[in-house]
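Trainee: I would like to learn how to read a model like this one. Can we take it feature by feature?

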Amino acid sequence: MSDSASSKATDTLARRGLMFIMSSPSGAGKTTISRMLLEHDPHICISVSCTTRPPRPGEVDGKDYHFVDRTEFDRMVENEEFLEWAEVFGHCYGTPKAQVKAGLKDGQDYLFDIDWQGTQQLYQKLERDVVRVFLLPPSIDELRRRLTGRGTDSAEVIAGRMDRARSEISHWDGYDYVVVNDDIQACFEKVTEILAAERMRRARQTGLIGFVRELMRPDDGAPA
Ligand SMILES: Nc1nc2c(ncn2[C@@H]2O[C@H](COP(=O)(O)OP(=O)(O)O)[C@@H](O)[C@H]2O)c(=O)[nH]1
Ligand SMILES: Nc1ncnc2c1ncn2[C@@H]1O[C@H](COP(=O)(O)OP(=O)(O)O)[C@@H](O)[C@H]1O
């Protein structure tokens, strides 16, 4: 087999998709890093959550979140339409089930911007598919600066998010990887490396069995 033919074979090996979860205290940068990943990596798409929180300026329904009212959210909970859901900052957030389960089988990777409660629930249900990444701010002062600088929340809301930050940080040990988001580019590169390595895990590479069997076939001596 020529070099180009063999690299083609490995490029098309079947692989099960993964669930790449990114959590952090509010303001540490998970939305920013998520957007960079989605922009640079065509093989991962975001799992769009449902929320009862009102949209922020610039947020688009169906892209950033599916914005629903409480009655609709409760109906979806009742119908078991969520893989997980949780109440955060007085609003409900949930991960719709249908799309993700089908996509994983077809090798589609999904990115989740969800909190520690949702992470625990997804891990309990789909442990083998889940990769858990936690982002930390370089300092509490910098976290406050970022929340203020983002310009999307009132002083009161920011104070609430800062109060919650310490308790959110206390869940750092429920994650597989912890990355300090100091320099944005450096953080993005680390997250990209984690994703690349996790894609190579043997258990995810469902096409390997046939590929290796082929490699191990007795040599018939035919020229390449
Ligand atoms: N469990 C769970 N948490 C979610 C979901 N979607 C978003 N979140 C979390 O809810 C929290 C608040 O999100 P948001 O209102 O967008 O503000 P942010 O903290 O600035 O990202 C964040 O910790 C998100 O990770 C979801 O579907 N399930
Ligand atoms: N490494 C970084 N250095 C400086 N500012 C950052 C960095 N990462 C994110 N930010 C800024 O901090 C603010 C909060 O980031 P965001 O991604 O919205 O956080 P989260 O989604 O975790 O709440 C945004 O204004 C973003 O541009």
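Trainee: Of the contacts in the protein with a separation of 6 or more, what percentage comes from residues 24 or more positions apart?

Mentor: Keep in mind that this is a predicted model. Residues 24 or more positions apart account for 69% of those contacts.

Trainee: How many helices and strands does the protein have?

Mentor: There are 9 helices and 9 strands. The C-alpha atoms fill a box of roughly 75 × 40 × 30 Å along the principal axes.

Trainee: What share of the residues is buried?

Mentor: Buried residues make up 41% of the 224. The accessible surface comes to about 12900 Å². Carbon and sulfur atoms hold 52% of that surface.

Trainee: Let us go inside. Which residues have the most contacts inside the largest nonpolar core?

Mentor: The general idea comes before the case. In soluble globular proteins, nonpolar side chains tend to be buried together. Here the largest nonpolar core has 17 residues. Those with the most contacts inside it are Phe 20, Met 22, Ile 33, Leu 37, Val 133, Leu 135 and Val 191.

Trainee: Which elements each supply at least two residues of this core?

Mentor: They are β1 (19-23), α2 (30-40), β8 (130-136) and α8 (184-199). Helix α8 gives the largest share, 5 residues.

Trainee: Take Val 133. What is Val 133 in contact with, beyond its neighbours within four places in sequence?

Mentor: Val 133 is in contact with Phe 20, Ile 21, Met 22 and Ser 23. Its list also includes Tyr 175, Tyr 177, Val 179 and Ile 194. Apart from this core lies another, of 11 residues. Met 19, Leu 83, Leu 104 and Leu 122 are among them.

Trainee: Now the start of α8. Is Ile 184 buried or partly exposed?

Mentor: Ile 184 is found in helix α8. Ile 184 counts as partly exposed because its relative accessible area is 35%, between the 20% and 50% limits. Setting aside neighbours within four places in sequence, Ile 184 is in contact with Thr 32, Ile 33 and Met 36. Ile 184 and Thr 32 are 152 residues apart along the chain. Their C-alpha atoms are separated by 8.6 Å.

Trainee: On to cysteines. How many disulfides does a search of the whole structure find?

Mentor: The search finds 0 disulfides. Look at Cys 92: the nearest cysteine sulfur, that of Cys 50, is 11 Å away. A disulfide needs the sulfur atoms within 2.5 Å, so Cys 92 is in none. Cys 92 is buried, at 0% relative accessible area. Cys 187 is buried too, at 1%.

Trainee: Next, charges. How many salt bridges does the count come to?

Mentor: Side chains of opposite charge can pair when their charged atoms come close. In this model the count comes to 20 salt bridges. One of them joins Asp 64 to Arg 35, with the closest N and O atoms 3.3 Å apart. This pair links distant parts of the chain, 29 residues apart. Asp 64 sits in the loop between β3 (50-51) and β4 (66-67), Arg 35 in helix α2. Arg 35 is partly exposed, at 49% relative accessible area.

Trainee: Where do Glu 142 and Arg 145 lie?

Mentor: Both lie in helix α6 (residues 140-150), 3 residues apart, about one turn of the helix. They form a salt bridge, with the closest N and O atoms 3.0 Å apart. Arg 145 is exposed, at 53% relative accessible area.

Trainee: And Glu 59 with Arg 53: are they buried or exposed?

Mentor: Both Glu 59 and Arg 53 are buried. Their salt bridge has its closest N and O atoms 3.0 Å apart. Elsewhere, Arg 15, Asp 41, Asp 109 and Arg 199 are linked in a network of salt bridges.

Trainee: Last, the surface. Which residues form a nonpolar patch there?

Mentor: Val 212, Leu 215 and Met 216 form it. Together they have about 320 Å² of accessible area. Val 212 is found in helix α9 (residues 208-216). At 34% relative accessibility, Val 212 is partly exposed.

Technical notes: Residues are numbered from 1 along each chain as its sequence is written. Chains are lettered from A and ligands numbered from 1 in the order in which they are written. This is a predicted model: local features need pLDDT of at least 70, side-chain atom pairs count only at pLDDT 80 or more; totals for chains, interfaces and linings use all residues. Side-chain values use heavy atoms; hydrogens and water are left out. A nonpolar core is a set of buried Ala, Val, Leu, Ile, Met, Phe, Trp, Tyr and Cys residues joined through side-chain atoms within 4.5 Å. Buried means under 20% relative accessible area, exposed over 50%, partly exposed in between (1.4 Å probe, protein chains only). Helices (H or I, at least four residues) and strands (E, at least two) are DSSP runs, numbered from the N terminus. Contact means heavy atoms within 4.5 Å. Patches are made of residues with over 30% relative accessible area and no salt bridge: like charges are joined within 9 Å, nonpolar side chains (Val, Leu, Ile, Met, Phe, Trp, Tyr) within 5 Å. Accessible areas come from the Shrake-Rupley method with a 1.4 Å probe; for residues, only the protein chains shown count as cover. A salt bridge is a side-chain nitrogen of Lys or Arg within 4 Å of a carboxyl oxygen of Asp or Glu.
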